[in-house]
Amino acid sequence: MKTIEIKSAWNGNSNCEACSIRSSALFAELNEEDFSKIHSPIDDLSFEAYANIYTQGDSSQSLYTLREGYIKLLHINPNGSSRIVRVVLPGNLFGMEALLGEHYEHSAVALTNVRLCKIPKVIISSLGEESPRLHRQIVKKWGEALSQSESWFSEINTGRIEVRLAHFLLKLAKELGSSAIAPLFRREDMGLMMDVKFETISRALASMAEQGLLTNITRLSVQIPSIEALRRFSERGI
């Protein structure tokens, strides 16, 4: 574990270009005076795929910004069943319920290898009282998280499975000109996100490959020869 002091992050000494402490929306509007009021360090952490970041019911002492990789937020129901309530993307804030209560409402589990910043909630609480800029950004990020969760799962939980999968891939795709590449996760996780069996996910990927929408399907990624073709396919919805 490497500890990033706020001052060095602010000055760009800790790989400024890639550092999400400086570039993320949560801290984007803070000035140097704001940062000078922060006395606790922010931890730069790495986790391997499938590791638990925190577990539902754990004491919530921190919130997090994801720098690299993907994380699922998993809610465990009283009957023992589980559902994925959100997929956290790079740059997203999560664990925000730490600001309202004493325990996490979901479990956070790495879908891939990840890097993240662990932000003690005492920093946010104390600075939020003195910095309207940070308060505005927290409210904004919370709203974005709710909107993202609602739109994400409405799109990938309705309609034919190939269309849902197209929406899923478009959300995650990194465009490379007219083509793109998108990450894939364990088929069991993808099935849980879309409320289908994992075998259905595998069949849908194969069907889309036969239609020329996808190529080079591996365990961890898939290539999209034409992002526009996949977008048109998703919009037709048939």
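The following exercises, each with a worked solution, concern a predicted model.

**Exercise 1.** Determine which strands pair with strand E9 and in which sense they run.

*Solution.* Begin with strand E2 (residues 42-47), which is antiparallel to E9 and joined to it by five bridges. Within this pairing, Ser-46 lies opposite Arg-115 of E9. Next take strand E4 (residues 62-68), whose pairing with E9 is also antiparallel and extends over six bridges. Here Tyr-64 has Lys-118 of E9 as its bridge partner.

**Exercise 2.** Establish why strand E9 is described as largely enclosed.

*Solution.* Strand E9 spans residues 114-120. A residue is counted as buried under 20% relative accessible area. Five of the seven residues of E9 are buried, so the strand is largely enclosed by the rest of the structure.

**Exercise 3.** Assess the burial of helix H7 and identify what follows the helix.

*Solution.* Helix H7 covers residues 187-194; six of its eight residues are buried, so the rest of the structure largely encloses it. The buried residues are Arg-187, Asp-189, Met-190, Gly-191, Met-193 and Met-194. Just after H7, Asp-195 adopts a positive phi of about 60 degrees.

**Exercise 4.** Describe the largest nonpolar core and the contacts of Met-193.

*Solution.* The largest nonpolar core contains 35 residues, and Met-193 and Met-194 are among those with the most contacts inside it, as are Leu-165, Phe-168, Leu-169 and Ile-224. Elements giving two or more residues to this core include H7, helix H5 (132-156) and strand E6 (82-88). Helix H6 supplies the largest share, seven residues. Leaving aside neighbours within four places in sequence, the contacts of Met-193 include Ile-84, Val-87, Leu-111, Phe-153 and Phe-168.

Definitions and conventions. Residues numbered from 1 in each chain as written. Predicted model: local features only at pLDDT ≥ 70, side-chain atom pairs only at ≥ 80, totals over all residues. Heavy atoms only, no water. Buried < 20%, exposed > 50% of the residue type's maximum accessible area, 1.4 Å probe, protein only. Helix = DSSP H or I, 4+ residues; strand = E, 2+ residues; numbered from the N terminus. Pairing = 2+ DSSP bridges. Core = buried A, V, L, I, M, F, W, Y, C linked by side-chain atoms within 4.5 Å. Contact = heavy atoms within 4.5 Å.
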